[in-house]
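I opened this notebook to keep track of what I looked up in the structure, entry by entry. The sequence and the coordinates come first, and my notes follow.

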Amino acid sequence: MRLKVMLLALLLVGCKSSTDNRNDDGVQSYVVENLASKSDSIGEVFSRVEPIVLEANDSCFVTWLADTDCLGDTILTFDRKSRALYVFDPDGRFVRQIGKPGTGPEEYLTATGFALNRAKRMVSVICPMGYLYNYNLEGKFIDKIGLPKRPNYHHAQWLDGKTLALWSYVDEKEPSITVFDQENDSVIYEGEFDVREAGSLSATPLFNDGGRVYCGSPFNNEIKEVGIDGVKLAYFVDLGKVTNDSCYFENLSKLTDAKERTTTFKKDMAAGMFNYEKFLTLANQDYLYLWLRTNPGTPEARLLSVFINKNDGSSTVIDNTPDGMRFSPIYMNDEYMLAEVDLDFIDAFSEVFGWNLNVTEDDNSVLAKMYFKK
């Protein structure tokens, strides 16, 4: 009971900002105050939380969930360890695998994720060496498409039926975002030059909100919309300074030796150089969501879920750090959020939300289906 009270009655501290958040350029700006000290209740955002136990069998064992999307309530999720795309029904029953790693004509050597093309009802598995492997939703191979020559393609989102936004894990000399017209085999846009280390921690830099694609990065307050005309600023979220050294990444980029630069970056993070880092950005019609860590690399680090209400500018900050309440968001729509719950925290979730589960390490991941309050 003490755990239940602690989890559901975390400090109820509100944070309000102006309700007029859009400037003349259409950029929506928000301020989240007291980020380092806020800790709100999960009940501020969600009305109920239900479990989905993903079925495990000889054909499907999930160990590292990466890109996740839903078609209706059908769940499509990519497991980065097995490099496989799995489909589950709304109750978590395994439906099929789409594509597989291998050397056959319809197989890919390796993959980093997938993108769902709703207009054409197909999925595109992303090969980091510069290929898309397209399959229909029943798993039938359609074709293999070559991408513009660039190393380390990691994430993608379809802008429409024929145009794809791609994010690459590259150095600042190469563009990290490419907009590609698949039908005409042409690059529409390429840009966004960042220090490699600045993008290394972003779990899913590209995300879809209502058919529009956006990009967020770990170490700045900007969220940009990606379209066929390029990239433009869409949201500015003031979380305070990322680092007290405003020239840090500019100076880091001057280190020409890649190993030295990475070593310096990790050393500086452990020394408390950064106030926060963002892993994931998501959005729906009501909320802009940020999954981030304050004081990264230090013993004082806190893992936070930040929900910014688009309608009134208020923010809710849920501390994911305390034992028993840790969850990893992987998908969000207007109705609910899906989050992965580690096996070590199933008992705590079961106590708080009344789950009656009997899962072991031989089972697949357990997802929390978290319904937004209306």
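**Entry 1, the chain as a whole.** I note at the outset that this is a predicted model. I began with the secondary structure of the chain, which comes to five helices and 25 strands. I then looked up burial, and found that 53% of the 374 residues in the chain are buried. For the contacts between residues at least 6 apart in sequence, I recorded that 53% join residues at least 24 apart.

**Entry 2, helix α4.** I turned next to α4, which takes in residues 258–270. Its 13 residues should span 18 Å at 1.5 Å a residue, and since the C-alpha atoms at its ends are 19 Å apart, the expected and computed values agree. Which residues of α4 are buried? I listed Arg261, Phe265, Asp268 and Met269. These residues cover an arc of only 100 degrees around the axis, and therefore they sit on the same side of α4. On the face turned away from that buried side I found the exposed residues Lys259, Lys266 and Lys267.

I also checked both ends of this helix. At the N-terminal end, Asp257 acts as the cap of α4, with a side-chain oxygen 3.3 Å from the backbone nitrogen of Lys259, a residue that I had already noted on the exposed face. After α4 comes Gly272, which has a positive phi, near 85 degrees.

**Entry 3, the largest nonpolar core.** Which members of the largest nonpolar core touch the most other members? Among its 54 residues, I found these to be Val306 and Phe307. The largest share of this core, six residues, is supplied by strand β20, residues 287–294. I then looked up the surroundings of Val306, leaving out residues up to four places away in sequence, and recorded that Val306 touches Val32, Leu35, Leu288, Tyr289, Leu290, Leu292, Thr316 and Val317.

**Entry 4, strands β3, β4 and β5.** I followed these strands through their pairing, starting with β3 (residues 65–71) and β4, which run antiparallel and are joined by five bridges. Within this pairing, Leu65 has Asp79 of β4 as its bridge partner, while the partner of Cys70 in β4 is Ile75. The hairpin of β3 and β4 has two residues between the strands, and in this hairpin Gly72 takes a positive phi near 65 degrees.

On the next pairing, I noted that β4 and β5 (residues 84–88) are also connected by five bridges, in the antiparallel sense. Here Thr77 stands opposite Tyr86 of β5. The hairpin of β4 and β5 has four residues between the strands, and there I found Arg83 with a positive phi near 55 degrees.

How many of the six residues of β4 are buried? I counted five, so the strand, residues 74–79, is largely enclosed by the rest of the structure. For β3 the count is six of seven residues buried, so β3 too is largely enclosed by the rest of the structure.

**Entry 5, the loop between β13 and β14.** Two residues of this loop were looked up, beginning with Gln182, which lies between β13 (177–181) and β14 (186–191). Is Gln182 buried or exposed? Its relative accessibility is 12%, and because the cut-off for buried is under 20%, Gln182 counts as buried. Setting aside its neighbours within four places in sequence, I recorded contacts of Gln182 with Met122, Leu132, Asn134, Ile145, Trp158 and Lys162.

Asp185 lies in the loop between β13 and β14 as well, but at 56% relative accessibility Asp185 counts as exposed. Its phi is near 50 degrees, a positive value in a residue other than glycine.

**Entry 6, two further loops.** In the loop between β7 (113–117) and β8 (122–127) I looked up Arg121, a residue other than glycine with a positive phi, near 50 degrees.

I finished with Leu159, in the loop between β11 (153–158) and β12 (163–168). Leu159 has a relative accessible area of 17% and is buried. Apart from neighbours within four places in sequence, Leu159 is in contact with Leu164, Ala165, Val179, Gly211, Val213, Val226, Gly227 and Ile228. For Ile228, which is 69 residues from Leu159 along the chain, I also noted the C-alpha separation from Leu159, namely 7.8 Å.

Conventions. Residues numbered from 1 in each chain as written. Predicted model: local features only at pLDDT ≥ 70, side-chain atom pairs only at ≥ 80, totals over all residues. Heavy atoms only, no water. Expected span 1.5 Å × (residues − 1). Buried < 20%, exposed > 50% of the residue type's maximum accessible area, 1.4 Å probe, protein only. Arc of directions from axis to C-beta. Polar contact = N/O pair within 3.5 Å; in protein donor to acceptor, adjacent residues only side chain to side chain. Core = buried A, V, L, I, M, F, W, Y, C linked by side-chain atoms within 4.5 Å. Contact = heavy atoms within 4.5 Å. Pairing = 2+ DSSP bridges.
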